Amino acid sequence: MAGRLATGFAAALAAALLPGMSRASPFPTRGGEVGLLDVPTADTAGTAGGLVGGELRLDRTPGRPTAFGPLPLSLVFGLSDRLDGGLAMREGGQPGDAPASAPVFSAATKLRLAQASGLWPGLAASVTLDSFNLGGVLGGRLVASTADIGRLRLAAYAGAEGHGPRPLAVGPTAGLAVSVIHRSDLETVLEATTSPRGPLVGGAFRWSVTPKVGVSLGLSWLPDVRGFRVSLGFGLAAAPARRARPAAAPVEAPVAAAPVGPTGPAFLDDRPHFRMRITSAATRPPDEHRHLQHGPFAGASRGAATERPARIARTDPEAVRAAELALAAETLEGRAVRLRSAEGALAARQERQAAESTRLDRQERELARLAERLEARERNLRAPGRPSPAEIALADTEEQLRASASQASTLEASLREDLRRALARERELAAAERALEPAGTAARKLLEGKGAEPLAARAGAVEARRALLGATEARLAAARDRLDVAEKGLEARAARLDVTRRRLAAQEERLAAVQKRLAARSSAPPLPAPPAATPAPAPGASADMLAAAVILLPSADQPLAARDRDAVAEMARLAAKEKVELLVWARAQNPGLMETAARRAEEIKGVAAAAGLPASRIGTRVTLRPSTEGVDVVVSPVRAPAPPAGGAR
């Protein structure tokens, strides 16, 4: 066996160098079998034959980085005329594969049971071992494929695979592929497969450059992860060496007897005469076809008057009913197997969600500790004076992120309520299933037994088992809905924690700016004493901000909201009470919005004057701020710094 493996491997790798070898399609499957894309056919590579295939792939999946690489790579080698084996290596691209992991290795072997002939399909049995370096998924399949039917060729398989082992689950797997032949060297292949790991849909356009070399352009789609793969592939084929057949002895051509002309009267005049010849069985040549429109198709005894037709046996109603109940019991058993496989998949999904929830709990605790440290740091600073523009921008960012976190919390609470209702629904269906379980278990034992139970008892057992499986299916559907809601809740929670993390990062950056401003203020030399009569500071000069209100105006024609007007009036009343000036500071995102910012500043100045503050005590300022969206306006009462003690020098 080792010698045959080595011979097949060497023959497959030398496919591009050995002359005189040809094959109709030089492409193996991605799993290491003779077939179409991922669907094997009933054909084999033959003794000492082989196939080599590879692809240059590009993977795109939402939420994941784009992947590019030279895999998959597959090899098929013939062990005998009806048995071949194969090896394959890939990096993702199949349902259930991890997004970023080590290369996955798989193996396959296939035994041809029947050769395709005409419209009769060929049959083969194959055994696959996928991901054997990562635990292994063992599968068995029955493969059927047709020869070329006009411009079409079909291939299909059905079987089961086991995956696990925690928990061990066995589920059905199936696939269908069709090849549309455009001409002898061009074809289009379409496929669809499904398994407990998920579905796959794909297609490829193939060009056989020579009978043993081909290239292809393919596209695959994984509906579960909404990802697709574009691949540029190649295929090499090595045909088995053909033994020289001994020359057959020439066959002597039969000597045909000279045709005998019809005998009859000879006519000596020029007038034409017509004769009718009736051929009998005795005078008919052996190679002449006989007209059988109204004659028998078989021997003369068929259809004779003395032959009596066979008596049609009466059908036993009880036997028919027993056969129907046996078929129903078999169908219910297959349904139970599928439900057990689905329950195993849901249990695995539940485990993944529990692990994700634990990770989010740990992240939330870390963010809570960071928030406590920052709040304590904020209380200890209590920085006097006017904040810098960077501090104001970071404070605005904090407010926006705090609003986003509040929206995410609202969505999370809504999904938590939906999860509570889904869990109550699942528990209700589970209680209904438990109520039917004793009768269903007894019915299963009765149907599996070999005793001669009455038909009425077997019919009742079938109905009881059908009711139990229906309740199980309803419970699993409710569990799937609950897991969908829980997954959405985990996504909303992860989004909220991400927004909280960014808000805390902005708060930490703002506190660092405050500390920097305090350090610069403490290290600066004392200012000289101003003259005795110090004028009031101009708007925007160094002064203390008593309070501030930020008005966001991302659109040029957006009207002032009622809460914004109330905030401006509140700042105006505070400035009048403290007998200080009111600064209206408009900041534009770019130079093109400077005029709009000035117009907005005058508009807000009018609102402040309407609140009772004299216009002479309202100052405006217009500047640029690239981090702003549109225009924002800061309205703040400012107090001029007090003159130093000691008076003028």
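Strands are DSSP runs of E of at least two residues, numbered from the N terminus. On that numbering, β9 gives 4 residues to the lining of the largest cavity, the largest share. The model is a predicted one.

**Cavities**

Searching the whole structure turns up 3 cavities of 30 Å³ or more. The table sets out the top two.

| Cavity | Volume | Lining residues | Nearest the centre |
|---|---|---|---|
| Largest | about 460 Å³ | 26 residues | Gln-94, Asp-130, Arg-141, Tyr-157, Arg-197 |
| Second largest | about 140 Å³ | 15 residues | Pro-28, Arg-30, Gly-54, Glu-55, Phe-234 |

Start with the largest cavity. At least two lining residues come from each of β7 (104-114), β8 (122-130), β9 (137-145), β10 (152-163) and β12 (186-195). The lining counts 12 polar, 8 charged and 6 nonpolar residues. Among the residues nearest the centre are Asp-130, Arg-141 and Arg-197. Aspartate and arginine both count as charged.

The second largest cavity has a volume of about 140 Å³. Its lining takes two or more residues from β3 (50-60), β5 (73-78) and β15 (227-238). Strand β3 provides the largest share, 3 residues. How does this lining divide by class? It has 6 nonpolar, 6 polar and 3 charged residues. Arg-30 and Glu-55 are among the residues nearest the centre of this second cavity.

**Helix packing**

Helices α5 (residues 562-578) and α6 (residues 594-610) pack with their axes 8 Å apart. The angle between them is about 60°. Why is the pair oblique? Angles of 65 to 115 degrees count as roughly perpendicular and those under 35 as roughly parallel, so α5 and α6, at about 60°, are oblique to each other. Their crossing is right-handed. From α5, the contact involves Arg-565, Val-568 and Ala-572. From α6, Glu-603, Ile-604, Val-607 and Ala-608 take part. By class, this contact has 5 nonpolar residues, 2 charged and no polar.

**Backbone details**

Two loops carry backbone features worth locating. Leu-71 and Pro-72 are joined by a cis peptide bond, with omega about 15°. Where does Pro-72 sit? Pro-72 is in the loop between β4 (67-69) and β5. Strand β5 also appears above, as one of the elements giving two or more residues to the lining of the second largest cavity.

The other feature is at Leu-37. Its phi is near 55°, a positive value in a residue other than glycine. Leu-37 belongs to the loop between β1 (35-36) and β2 (39-40).

Technical notes. Residues are numbered from 1 along each chain as its sequence is written. This is a predicted model: local features need pLDDT of at least 70, side-chain atom pairs count only at pLDDT 80 or more; totals for chains, interfaces and linings use all residues. Side-chain values use heavy atoms; hydrogens and water are left out. Axes are lines fitted to C-alpha atoms, for helices over the stretch in contact, and angles run from 0 to 180 degrees between N-to-C directions. Angles under 35 degrees count as roughly parallel, over 145 as roughly antiparallel, 65 to 115 as roughly perpendicular and the rest as oblique. A crossing is left-handed if the near helix is turned anticlockwise from the far one by less than a right angle, and right-handed if clockwise. Contact means heavy atoms within 4.5 Å. On a 1 Å grid over the protein atoms alone, a cavity is a set of points where a 1.4 Å probe fits but cannot get out, and a pocket is an open set with protein on both sides within 12 Å along at least five of seven lines; lining residues have an atom within 4 Å of a point. Grid points are joined across faces, edges and corners, and a volume is the space filled by probe spheres set on the points.
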